[in-house]
Amino acid sequence: MATIKKKALVIGAGTGGYPCAIRLAQLGVDTMIVEKAEPGGVCLNWGCIPSKALISATKLFHKAQHSESMGVSFKGAAVDMKQMQAWKSGIVKKLTGGVKGLIKGNGATYVKATASFVGPKSVRLKYADGKPDDIVEAEHIVIATGSLPIEIPGFKIDQKRIVDSTGALELDSVPKRMLCIGGGIIGLELGQTFQRVGTKLVVLEGLGRILNGVDEECAKVVAKQIKKDGGEIHTGARATGWEERDGAIVVKADVGGETKEFETDIVLVAVGRWPITAGLNIEKSGVKLGERGFIPVDNRKQTNVPGIYAVGDVVGQPMLAHKASHEGEVVAEVIAGKKTVDDARCIPNIVFTEPEIASVGMTAEEAKAAGHEVSIGKMPFAVSGRAMAIDETNGFVKVITDAKDARVLGIHIVGPEASDLISEGALAIEMGAFAEDISLTVHPHPTLGEALMEAAKHSIGEAVHLMNPRKKSAH
Ligand code: NAD
């Protein structure tokens, strides 16, 4: 057993840990990053990237099935799930290899091992190949261990018939029927992925609506699309167990107090995620866990133990890769002695459904609850020339401003390329922009981005491609 001394040790090379290690090395800090699985974590290997690859491929197929009105037909278009999986895996391999290269290229040490605390400044590294353990003594330790899918009683994950997101992303054939437990982000993104290539989709959501927390009007557009494509959504529905009957899976659920049965071929369990601290021997570090096992941190991402930091999913919601990366970079600067704090005004939230939903800032309900009198500007894609030209007119851009001074409080987009359009909204909120800052910025024509400009104009009664709300009479 050797003792290795480092200035900083990062545990976990996901989207929180690897940017942290890269920034630390760039800032001249002697850094080691330890990862037990693959570089890139859930996002690159089993989450954001593979799901977006499958989503884009199945969207292409779906569009090909619905392009006859454009004068284009793809007779004989077919899906080869094995090839789609191979293509997806190629992307993952390229990206994870790139991450490893960047860590090493910037001068940090990458180690494949399982880390566990032996004290507040020391960590044991256990190697899978049986090599003797090492101890790393580090002045600063960053916990970036991420999260795991929550399992529910009665639905033990076997990654064949009862799958979580990891299993769903590995399916190499299109199931005839899929039942998603949980109408949240993962359930709908992956449910629609397979629905687009012919799977009959059923969603069971325990709450009264899908995509809880997302602007309700945006969520309704996605619900309508799922139904239009032949799917079912049952709200107030809690799955209680399943049995096999004639080769099929029969899921039992309590739907509004009534027991109902749903026949399916595969069950996707997507009911949220837990923080990963098990196996870390966290008690040896002195770090206290908070509610539901998340690690409480301050605005410099430091835990209750000086010199120990935590970033990403393990510190709590929102469990998003870009939030984790931002936090990782903040911590790197803190460790390097800079006076950095995490003062992000907003974290954009994207749901890669059909159509996509993207949001920043407050919903109208949240803004009202925070004491604002709100003004809402809305531009439907149905009147956008560009949206018509790409034959994707479903959805809208909604800009929420403070009625008193037109300060932008929130932007919610449901529609084509919402995921790319929202960055302008994030900049607006980060800069404390007013509706005029967006409406007076000349947007290129013909683009989907004009919808954001028009919605901003609409919020202050200056839209030219839409009727504005009638001004209250002065008399
Ligand atoms: P989620 O919290 O988005 O949705 C889970 C849903 O399951 C909730 O609506 C909940 O009410 C429901 N539910 C819980 N128990 C249930 C039960 N027994 N029966 C029926 N419904 C039940 O969680 P998720 O979809 O698993 O995603 C996990 C995390 O991953 C999220 O925090 C999300 O931020 C992140 N994620 C983000 C993206 C993205 O940014 N595009 C994509 C995938 C995942």
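Between domain 1 and domain 3 there are 2 residue pairs in polar contact, both residues at pLDDT 80 or more. On the side of domain 1 that touches domain 3, the classes are 1 nonpolar, 2 polar and 2 charged residues. The model is predicted.

**Domain layout**

The protein chain falls into three parts. Domain 1 is assigned to 2-149 + 274-335, domain 2 to 162-271 and domain 3 to 355-459. The C-alpha centres of domain 1 and domain 3 lie 32 Å apart.

**Where domain 1 meets domain 3**

The contact involves 5 residues of domain 1 and 5 residues of domain 3. Together the two domains bury about 310 Å². Carbon and sulfur atoms account for 34% of that area. On the domain 1 side, Lys59, Lys63 and Met70 lose the most area to domain 3. These residues together make up 85% of what that side buries.

Charge pairing also appears here. The rule finds 2 salt bridges across the interface of domain 1 and domain 3. A salt bridge joins the side chains of Glu356 and Lys59, with an N to O distance of 4.0 Å. Lys59 is also among the residues of domain 1 that lose the most area to domain 3.

**The ligand and its surroundings**

Which residues come nearest to the ligand? They are Ile186, Glu189, Glu205, Gly272 and Ile350, out of 22 residues around the ligand. Polar atoms of the protein approach both nitrogen and oxygen atoms of the ligand, as the table sets out.

| Residue | Polar protein atom | Ligand atom | Distance |
|---|---|---|---|
| Arg238 | side chain | nitrogen | 3.4 Å |
| Gly272 | backbone | oxygen | 2.9 Å |
| Met319 | backbone | oxygen | 3.3 Å |

On its own, the ligand has 850 Å² of accessible area, and the protein covers 81% of it. Gly272 appears twice in this picture: it is one of the residues that come nearest to the ligand, and its backbone supplies a polar atom 2.9 Å from a ligand oxygen.

Conventions. Residues are numbered from 1 along each chain as its sequence is written. This is a predicted model: local features need pLDDT of at least 70, side-chain atom pairs count only at pLDDT 80 or more; totals for chains, interfaces and linings use all residues. Side-chain values use heavy atoms; hydrogens and water are left out. Domain bounds come from an automatic or database domain assignment. Contact means heavy atoms within 4.5 Å. Buried area is the accessible area (1.4 Å probe) that two parts lose on being put together, summed over both. A polar contact is a pair of N or O atoms within 3.5 Å; within protein, one must be able to donate a hydrogen and the other to accept it, and residues adjacent in sequence count only if both atoms are side-chain atoms. Ala, Val, Leu, Ile, Met, Phe, Trp, Tyr, Cys and Pro count as nonpolar, Asp, Glu, Lys and Arg as charged, and the others, Gly among them, as polar. A residue is near a molecule or strand if one of its heavy atoms lies within 4 Å of it. Accessible areas come from the Shrake-Rupley method with a 1.4 Å probe; for residues, only the protein chains shown count as cover.
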